[in-house]
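Grab a coffee and open the viewer: here are a few exercises to work through with the structure in front of you. Try each task before reading its solution.

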Amino acid sequence: MSRIRLIDWLSGKRSWPYYRQYVESQWYDRERLDGFRVTKLRALLTHCERYVPFYRDMMRQAGMRADDVRGLDALRHLPVTDKAIIKRHYEQFASEPAPGIGAIHYSQTGGTTGEPLRVPKDVAMRSSAQAAMFRFHDWMGVRPGDAVLILWGRPIVRPTRMKRLRVRVLGAITNSTQIDSFGLNPVRVADLAEQFRRLRPALLHGYAQSVYELARWFADSGDRFRLRAVSTTVEPLFAEYRPLLRDVFGCEAFDQYGCGEVEAIAMECDRHEGLHVIEERAVVELDAEQNVVVTDLDNLAFPFIRYRNGDRAAPADHPCSCGRQHQLLSRILGRIGDVIVGPSGNRVHPEFFTHLLNETGISDRARVRKYQVVQEAPRRLLWKLAADPLMERDREWLVGEVRRYLGEVEVQVEMVEDIPVGRSGKFQYVVAHP
Ligand SMILES: [Zn+2]
C-alpha cells in the first residue's frame, strides 16, 4: 500500500512493516502470539538493563537477566509504576543514548488524569501505534485514501508555518479533514451538515462526547448520513450512545482505547463484543481493583513497564466470535471530564484545558503536577493548579484563551498544593455546571 509508505515518509515513521506484521499476527494462535510478545519483551528488557537506570537497578535487585526471560510472567519481578513515581524519578526512566532508537518526539500527555507528563517517544513506538490504527481501519472497512472527518481539538496556539504545511500535506495524503471540537456550537449545525454532504466521509473519528453531541444536533435537525464507520476515543463509547450514532450516521460505532503515554492499546473489531488489546504492542494486566497496568513493548526511549495509567477496565467473560485470540476487554471505566458550555454557546471538550496548558508551554514552565477546572456558575470557572507559581503573563494568557473560546466568563486561577480525589473515588478533571 504505497499510500501508507508515503504517510510514513512524510511523518518520519516506518509503520508499513509493523502494519504488515499486525495484519498477519491478528490471526496468530495463543502460543504464537505469546512467542512473538516474549521476543519483544526480551528485547525491551535487554535494552533496559543496558540503558535505562531505573530498570537496570530493579533488574539487578531482582536477580533478573533479560537473556533468561522465557515468558511474560517475568514482568512480575518488576514493580508497578504510576505517574507520580515516574515524575519523581523522571531522569531514571529515560533511556541513555543508545543505537537504533532513531528520532525521538516529545509529547505532553495526561489531560484526563489532570497530571501532565512529558513523554519521549521513539520511532518504533510511534510507527507501531500508527500501524495498529491502520489495522483498526481495516476492521472498520475503511481503506487508506477514503475520506475521513476528524472531530478533534485544533491547536489553540498557532503552530509554526512549517508545522501547518506538514499538517496540510498529511491531511491531503490521508484525505482527512478536521472539525474543531473546541469550537462546536449548535448554531453551526447547518454548516457542519453541509461539510458532511460535501466531503462524504467514510469514517468519522473523534472524542466520544463530541461525536455524540454532534449526532444529537443532526438528529434534531433531521440530517442523516451514510458513513461506513464511526470511531470514538478518549472517553468510553457508552452503550446508550450507539443507537443514535447508528441512526444518524447509518453505520456502526467502534470504540478505541489508548492513553497518551502508550497510545493505541485496544480496539473493537466488527463484532462489537469488546475491545481487543493490541497484544503485539501492549501487555495489559488488570489488578484486583481492575486498574489498567500496561507495558509498552515498543518504546525504548522511555519504557513504560507495568504502568498504572489511571484507567480501569473490565475483562470480557467470553472470547470474541471473530476468532482473534487477543485479550478482550468488555469496557473501559475512567476518563471523566465534562464538556463545558460557555455563554457564547460554544461547547468546549474537556481536552481543551490540557491542550491549552501544553501548547502554551505552561505545563513545563510551571511544572504543573495536577489541575482541575470547575464551572461553579454558568459564567464562572475556577481553575485549580497544583504547580509552581504562575508568571503573570502566563496567567493572563490562560484566562484570555478561555474567554476567547467560551465567551464572557470570569476565570479564577487558584494555586493549590494538591487536588484530592472526590468522594466517588474517581478524579474528575473538568466539571461542568449542572
Ligand atoms: Zn473480535
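**Exercise 1. Find the residue of S19 that stands opposite Gln-372, then work outwards to the sheet and the helices on it.**

Solution. Keep in mind that this is a predicted model.

- Step 1: Go to Gln-372 and look across to S19; the residue opposite is Lys-384.
- Step 2: Now check the two strands. S18 covers residues 370-377 and S19 covers residues 380-386, and they pair in the antiparallel sense over 7 bridges.
- Step 3: Zoom out to the sheet. It is open, has 5 strands in the order S15-S21-S18-S19-S20, and its pairing is mixed. S15 (336-337) and S20 (410-415) are the edge strands; each has a single partner strand, so one side of each lacks a neighbour in the sheet.
- Step 4: Add the helices. H12 (residues 351-359) lies across S18, S19 and S21 (428-431), and runs at about 55° to S19. H14 (residues 392-406) also packs on the sheet, where it touches S19 and S20, and its direction makes about 145° with that of S20.

**Exercise 2. Decide how H1 and H2 are oriented to each other: oblique, or something else?**

Solution.

- Step 1: Start with what you need. Two packed helices are described by the angle between their axes and the distance between the axes.
- Step 2: Read off both. H1 (residues 2-11) and H2 (residues 15-25) pack at an angle of about 140°, with axes 9 Å apart.
- Step 3: Compare with the cut-off: roughly antiparallel needs an angle over 145 degrees. H1 and H2 are therefore oblique to each other.
- Step 4: Pick out who touches whom. H1 brings Ile-4, Arg-5 and Asp-8, while H2 brings Ser-15, Trp-16 and Tyr-19. By class, that contact of H1 with H2 is 3 nonpolar, 1 polar and 2 charged residues.

**Exercise 3. Do the same for H9 and H10: what is their orientation, and which residues make the contact?**

Solution.

- Step 1: The axes of H9 and H10 come within 10 Å and cross at roughly 95°.
- Step 2: That makes H9 roughly perpendicular to H10.
- Step 3: From H9 the contact uses Val-189, Leu-192, Ala-193 and Phe-196; from H10 it uses Leu-214, Trp-217, Phe-218 and Ser-221.
- Step 4: Sort them by class and you get 7 nonpolar, 1 polar and no charged residues in the contact of H9 with H10.
- Step 5: While you're in H9, look at Gln-195. Gln-195 counts as buried because its relative accessibility is 16%, and buried means under 20%. Setting aside neighbours within four places in sequence, Gln-195 is in contact with Thr-177, Ile-179 and Arg-200.

**Exercise 4. Which residues of H11 are buried, and what do they pack against?**

Solution.

- Step 1: In H11 (residues 242-249), the buried ones are Arg-242, Leu-244, Leu-245, Val-248 and Phe-249.
- Step 2: These residues cover an arc of only 160° around the axis, so they sit on the same side of H11.
- Step 3: Their packing partners are helices H9 and H10 plus strands S6, S7, S8 and S9.
- Step 4: Just after H11 comes Gly-250, with a positive phi near 65°.

**Exercise 5. Where does Asn-175 lie, and is it buried or exposed?**

Solution.

- Step 1: Asn-175 lies in the loop between H8 (161-173) and S5 (176-180).
- Step 2: Its phi is positive, about 55°, although Asn-175 is not a glycine.
- Step 3: With 32% relative accessibility, Asn-175 counts as partly exposed.

Technical notes:
Residues numbered from 1 in each chain as written. Predicted model: local features only at pLDDT ≥ 70, side-chain atom pairs only at ≥ 80, totals over all residues. Heavy atoms only, no water. Axes fitted to C-alpha atoms, helices over the stretch in contact; angles between N-to-C directions. Helix = DSSP H or I, 4+ residues; strand = E, 2+ residues; numbered from the N terminus. Parallel < 35°, antiparallel > 145°, perpendicular 65-115°, else oblique. Contact = heavy atoms within 4.5 Å. Nonpolar A, V, L, I, M, F, W, Y, C, P; charged D, E, K, R; others polar. Buried < 20%, exposed > 50% of the residue type's maximum accessible area, 1.4 Å probe, protein only. Arc of directions from axis to C-beta. Pairing = 2+ DSSP bridges.
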